Amino acid sequence: MQAIAAARQARCAQVVALAADLGALEGSGASGQPTGISNTAGIGSVTGTSLASAGIIEFQTDVATSNVMPQRGGYVTTPAVAGLLMARPELPTTGTERLWKGNIWDGTLFDFPAMTSNQLTAATMVFGDWQELVIGEWGVLEVEVNPYANFQAGIIGVRAIYSLDVGVRRPFAFSRATSIT
């Protein structure tokens, strides 16, 4: 019984962690959601159409133009976009090096770390100085098990409670592209 409860608690923690990522990246700011990076007013914008070397560099110049020198800079995108960039040549004339270097989960783009997340909208990429994203937590993840939730049916109730908010200190420290092809 304790092993089952522990497994359920771990699964609840995983679901809550994914929800926290979703809130930090794409939160709408409505219905109890934090306002994530993608919905923060003032972030930069890069064209995602036919994203190639110039577009990847534009993320960096977009942020640099705002006088931001990233201390914890990096890219996050979807696995599909990472796969696209893994196949796309860095310089079309040579075709030997690929834009995305590394594996589908963790790589680099022009010397900055890059990672994937299924918590972003499809065909989207964000670049920024991640130390400018503040996540405030109230308390800790609480996972509670109620073995008597529906005693007659043998159902055990499990709930997870996690309180957090997200803030972007300097919106111009981030830049985002959508509709990446």
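Which residues is G29 in contact with, leaving aside its neighbours within four places in sequence? In this predicted model, the residues that G29 contacts beyond those neighbours are P34 and T35. G29 is placed in the loop that runs between α1 (2-26) and β1 (44-47), and its relative accessibility of 41% means that it counts as partly exposed. The C-alpha atom of G29 lies 9.4 Å from that of V166, although 137 residues separate the two in sequence.

The protein chain as a whole comprises 3 helices and 9 strands, which follow one another from the N terminus in the order α-β-α-β-α-β-β-β-β-β-β-β. Along the principal axes, the C-alpha atoms of the protein chain occupy a box of roughly 70 × 35 × 25 Å. Of its 181 residues, 34% count as buried, and the protein chain exposes about 10,100 Å², of which carbon and sulfur atoms supply 56%. Among the contacts with a separation of 6 or more, 68% are made by residues that stand 24 or more positions apart. As for charge, the protein chain carries 10 positive and 14 negative charges, and the mean positions of these two sets are 5 Å apart.

The largest nonpolar core contains 31 residues, and those that touch the most other members are Y75, L85, L109 and M125. Two or more residues are given to this core by each of α1, α2 (53-65), β2, α3 (79-87), β5, β6, β8 (155-168) and β9 (174-178). For L85, the residues touched, apart from those up to four places away in sequence, are L51, I56, R98, L99, W100, L109 and M125; two of these, L109 and M125, are themselves listed with L85 among the core residues that touch the most other members.

Aromatic residues were examined next. A pair of aromatic rings is described by the distance of the centres and the angle of the planes. The structure holds 5 aromatic pairs. One of them joins F112 and F127, whose ring centres are 5.1 Å apart and whose planes meet at 80°, so this pair is edge-to-face. Because F112 belongs to strand β5 (residues 112-116) and F127 to strand β6 (residues 125-129), the pair ties together parts that are 15 residues apart in sequence. F112 and F127 are both buried. A further pair is formed by Y148 and F151, with 6.5 Å from centre to centre and 40° between the planes, an arrangement that is tilted; both Y148 and F151 are exposed, whereas F112 and F127 are buried. Ring pairs also link F59, Y75, F112 and F127 into a cluster, and Y75 appears again among the residues of the largest nonpolar core that touch the most other members.

The end of strand β2 and the loop that follows were considered together. T77 is situated in strand β2 (residues 73-77) and is buried, its relative accessible area being 0%. Beyond its neighbours within four places in sequence, T77 is in contact with A82, W100, M115, T116, S117, L120, T124 and M125. T78 is placed in the loop between β2 and α3, and with a relative accessible area of 7% this residue is likewise buried. When residues up to four places away in sequence are not counted, T78 touches T116, S117, L120, T121, A122, A123 and T124. T116, S117, L120 and T124 therefore occur both among the contacts of T77 and among those of T78. Backbone geometry was the last feature considered. Most residues other than glycine have a negative phi, and most peptide bonds are trans. N67, which is not a glycine, has a positive phi of about 65°. The position of N67 is in the loop between α2 and β2, where N67 is exposed, with a relative accessible area of 70%. A positive phi, near 60°, is also found for A123, again a residue other than glycine. A123 is located in the loop between β5 and β6 and is partly exposed, its relative accessible area being 23%. A123 is also one of the residues touched by T78, which is buried in the loop between β2 and α3.

How values were computed. Residues numbered from 1 in each chain as written. Predicted model: local features only at pLDDT ≥ 70, side-chain atom pairs only at ≥ 80, totals over all residues. Heavy atoms only, no water. Phe/Tyr/Trp six-rings, centres within 6.5 Å; stacked < 30°, edge-to-face > 60°. Helix = DSSP H or I, 4+ residues; strand = E, 2+ residues; numbered from the N terminus. Buried < 20%, exposed > 50% of the residue type's maximum accessible area, 1.4 Å probe, protein only. Contact = heavy atoms within 4.5 Å. Areas by Shrake-Rupley, 256 points an atom, 1.4 Å probe, with all protein chains shown as cover. Lys, Arg positive; Asp, Glu negative; His and termini not counted. Charge placed at Lys NZ, Arg CZ, Asp CG, Glu CD. Core = buried A, V, L, I, M, F, W, Y, C linked by side-chain atoms within 4.5 Å.
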